[in-house]
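Biologist: Could you take me through the packing and the sheet of the chain shown here?

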Amino acid sequence: MSTLSPPEAATIPLLKAGPGRLLIGGEWVHAADGATFPSINPSTGETLVEIAQGGAADVDQAVAAARAAFEGPWRNSTPDERQRLLWALADAVAENYEELRLLETLDMGTPIGRRRPGPSSAWEASVLRHFAGMAVGIHGETIPNSVPGSMFTYTLKEPVGVVAAIVPWNRPISNAIWKIAPVLATGCTMVLKPAEEASLAALRLGELINEVGIPPGVVNIVTGFGETGAALAAHRGVDKVAFTGSTVVGQHIVRAAAGNLKRVSLELGGKSPDVVFADADLNKAVPGAALGVFFNSGQICCAGTRIYVERPIYDEFVERISAQAAKLRVGNSLDPQTRIGPLVSAEQLERVVGYLDLSREEGARTTVGGARLTEGDLARGYFVPPTVLADVSDDMRVAREEIFGPVACVLPFDTAEEVVARSNDTQFGLSGGVWTRDVGKAHRFARDLQAGTVWVNSYNVMDPAVPFGGYKTSGWGREMGQQSLDDYLNVKSVWIDTA
């Protein structure tokens, strides 16, 4: 495997601690056994840097550091203190956002031009600021009771303790901050395990966490492979696991958590329906549905990959979304004109290409894309163009299984009742969308869809105040919103005889 040429290597923001270390107890340390692994640029297939490969001994140390911080002064930190630290971290993220985005682009492949330049575009900073406001609003309540006498009852909300946060590679900055923010707001401590495919942004966040004065051990970061995450999930010193990733791994985590019955929240996979009725505004629905499935090269859990189109407009829609897909520029993630970057890894490339081969065997018709790009510089990376599959049926594996790539399955339907039933005929229930000018139809679909989020005449819109999470095998609990804090808090009931 080759290494980066000096000009490209020079574009990597310097991690002051060096990328080959772990953050444990406020200190940057090497893995106990000195092991490292390469971070790969998916646009070129080349090695960026070597990252520390944490093992069981490192997990033990990180959990011990988190426990010491939780049992120490942090447990008695005031809401105002936690709010000020969240604000400080938000400011640091905004000020260093271009650097964070470059790290995300280099080791995950997110196109650098996807977001507007400048600190005002740092959506993740707004998440931290939102939770800063929530930090001073956590409280119990007084409860009237029916017990004879003079019993006074009230509740306290207390931090659950040490959190193991295990996050995926598809949105490195967001995924890390979605866990860090509620941990800091509630007074918990954490060990963050970023995905091995995209750890650099999380490590830079660790440096910012130290710089703004968050106490040592409150946030620890251990990089590594699945074994590292498994050690965290099973660790008896961990009080809660907050996991984002695949449903299969989520099921493993539930089993691992049984040892001490630790709290578990899961944001898992999806195969989301995006329904286009004949009365929809196609000038809005076509690019909106395309963005819903091709955004981030299809590597988002809520991607609207099952596009159901009412039969009278089916052929027109297939033609128009195929033309829309063909216009999206595929290229190196550092190119500002790129709209579709690479898949994250050679393993993910093999998975997506395998599904494309399977789609032809199953009888789907490819209208655009459909194969790995192998010309010019793109042959060095892991590129699959936006792909549209028509003539898909519900029983095909490409319509039922999460591909996690830029692949849209377009299926016709005839009635509203039919498309609701077909949309719900899945193990998943993360999200869905509907495009129609009929507000009544939109409300009925939103009510009847078995999913945690429904977008109407839009797709993939998010805000820190609005909860996000799934039904069925798409997860337990919620990210963001007031509801997300509940997973990080214990409720204690207090009875006082005032007689």
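A short exchange on the core and the sheet follows.

Modeller: This is a predicted model, in which local features need pLDDT of at least 70 and side-chain atom pairs count only at pLDDT 80 or more, whereas totals for chains, interfaces and linings use all residues. Residues are numbered from 1 along each chain as its sequence is written, and side-chain values use heavy atoms, with hydrogens and water left out.

Biologist: Which helix gives the most to the largest nonpolar core?

Modeller: A nonpolar core is a set of buried (under 20% relative accessible area, 1.4 Å probe, protein chains only) Ala, Val, Leu, Ile, Met, Phe, Trp, Tyr and Cys residues joined through side-chain atoms within 4.5 Å. The largest one has 101 residues, and Leu 89 and Leu 184 are among those touching the most other members. With nine residues, the greatest contribution comes from helix α6 (residues 172–186), helices being DSSP runs of H or I with at least four residues.

Biologist: Which strands are the edge strands of the open sheet?

Modeller: Strands (E runs of at least two residues) pair if DSSP finds at least two bridges between them. Seven strands form this open sheet with mixed pairing, in the order β13-β14-β15-β12-β11-β17-β18. Pairing on one side only marks the edge strands, β13 (365–368) and β18 (453–456).

Biologist: At what angle to β15 does helix α14 run?

Modeller: Axes are lines fitted to C-alpha atoms, for helices over the stretch in contact (heavy atoms within 4.5 Å), and angles between N-to-C directions run from 0 to 180 degrees. Helix α14 (residues 416–424) lies across β11, β12 and β15, and its angle to β15 is about 145 degrees.

Terms used: Buried < 20%, exposed > 50% of the residue type's maximum accessible area, 1.4 Å probe, protein only.
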